[in-house]
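Student: Before we start, could we go through the terms one at a time? I would like each label set against its definition.
Tutor: Yes. Here is what we will work from.

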Amino acid sequence: MNILYIYPHPDDESFGPAQVMSFQKRQGHEVHLLTLTRGGATKQRHKYGYSIEEMGRIRHREMLSVAEALGLSGMRVLDLPDSALKEMDPREIERIVERQIESVQPQVVVTYPVHGISGFHDHLVTHSVVKRVFTAMKERCLWLKRLAFVTLREEDALKSPHFKLSGSTPEEIDCIVTAEECDVRSNLNALDCYATFQDTIEKTGIKGMVGLQAVFEIFQENHTPPLVDLFEGL
């Protein structure tokens, strides 16, 4: 089957379900990634003396290595304004996302949950836009079956040592995907691809938090016990 992950920034996928993306690809699925911005506005650019445009170009090159590390079927990195999606007409972002979904024709789309995990406004805008587009497209695109939100368990969100994160209750979690050790290594390799972001990666301790499982909410579905595969039942 075909799955499309949609995130606002480079590294969102590697701080998120990269091990599951690797696992799904090894299972024979088509795994695509759409990133809305090049992430050039990150404060890390000041460390290197880069402009937003220069940092964006470098982070885009880093993402090319990420696509290889995860074995992605396809990746598209757009150049919408990093840290300023809230300033855009949401209809413009919706049209862009719709065109990208049309080009990939996934059965499953994945993005951030309503709380955005970190609460960053680019995450919240992305959630809202993707949900709006999915809902509209599902009425006419028979191939579009499911929208999932990658999230954290509440107890795991509380373990973050430096950032206030949000998670989901057991009742809200509809799918728990278990990858394998080789997929965890692929996730760690993907994090290593972000050479300009290693300070942040070390500060967050994300490498020590990457495990075999990733958890998801599924839009307008309720699964108890949780599914073990995002394609289950389709």
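Student: How do you know that the end C-alpha atoms of helix α8 (residues 181-193) are as far apart as they should be?
Tutor: The expected span of a helix is 1.5 Å times one less than its number of residues. For the 13 residues of α8 that gives 18 Å, and the end C-alpha atoms are 19 Å apart, which agrees. Helices here are DSSP runs of H or I with at least four residues, strands are runs of E with at least two, and both are numbered from the N terminus. Keep in mind that this is a predicted model, in which local features need pLDDT of at least 70 and side-chain atom pairs count only at pLDDT 80 or more, while totals for chains, interfaces and linings use all residues. Residues are numbered from 1 along each chain as its sequence is written, and side-chain values use heavy atoms, with hydrogens and water left out.

Student: Which residues of α8 are buried?
Tutor: They are D183, V184, S186, N187, A190, L191 and C193. Buried means under 20% relative accessible area, exposed means over 50%, and partly exposed is in between (1.4 Å probe, protein chains only).

Student: What puts those buried residues on the same side of α8?
Tutor: They cover an arc of only 165 degrees around the axis, so they are on the same side of α8. The arc is that of the directions from the helix axis to the C-beta atoms. An α-helix has 3.6 residues a turn, so residues three or four places apart point the same way.

Student: What covers the buried residues of α8?
Tutor: The cover includes α1 (12-15), α2 (18-26), α4 (52-70), α9 (198-204) and α10 (206-209).

Student: How do you know that the span of α4 agrees with its number of residues?
Tutor: Its 19 residues should span 27 Å at 1.5 Å a residue, and its end C-alpha atoms are 26 Å apart, which agrees. Buried residues in α4 include M55, I58, M63 and L70. Among the elements covering the buried residues of α4 are β2 (30-37), β3 (74-80) and α8. Just after α4, G71 takes a positive phi of about 65 degrees.

Student: Why is G167 called buried?
Tutor: Its relative accessibility is 17%, so G167 counts as buried. G167 is found in the loop between α7 (154-157) and β6 (175-178). Leaving aside neighbours within four places in sequence, G167 is in contact (heavy atoms within 4.5 Å) with H115, T151, L152, R153, E154 and A157.

Student: What makes R146 and E221 a salt bridge?
Tutor: A salt bridge is a side-chain nitrogen of Lys or Arg within 4 Å of a carboxyl oxygen of Asp or Glu. For R146 and E221 the N to O distance is 3.0 Å. R146 lies in strand β5 (residues 146-151) and E221 in the segment after β7, so the pair ties together parts that are 75 residues apart in sequence. R146 is buried at 4% relative accessibility, whereas E221 is partly exposed at 24%. A search of the whole structure finds 11 salt bridges.

Student: Which residue is E94's nearest side chain of opposite charge, and how far away is it?
Tutor: It is R132, 4.5 Å away, and E94 has no salt bridge although E94 is buried. For charge, Lys and Arg count as positive and Asp and Glu as negative, with His and the chain ends not counted. E94 lies in helix α5 (residues 90-104).

Student: Why is the pair of Y48 and Y50 called stacked?
Tutor: Rings of Phe, Tyr and Trp (its six-membered ring) pair if their centres lie within 6.5 Å; planes under 30 degrees apart count as stacked, over 60 as edge-to-face and the rest as tilted. The structure holds 4 aromatic pairs. The rings of Y48 and Y50 have centres 5.5 Å apart and planes at 15 degrees, so the pair is stacked.

Student: What makes the pair of F134 and F219 edge-to-face?
Tutor: The rings are 6.4 Å centre to centre, with 80 degrees between the planes. F134 lies in helix α6 (residues 121-138) and F219 in the segment after β7 (213-218), so the pair ties together parts that are 85 residues apart in sequence. F134 is buried, at 4% relative accessibility. Ring pairs link F134, F149 and F219 into a cluster.
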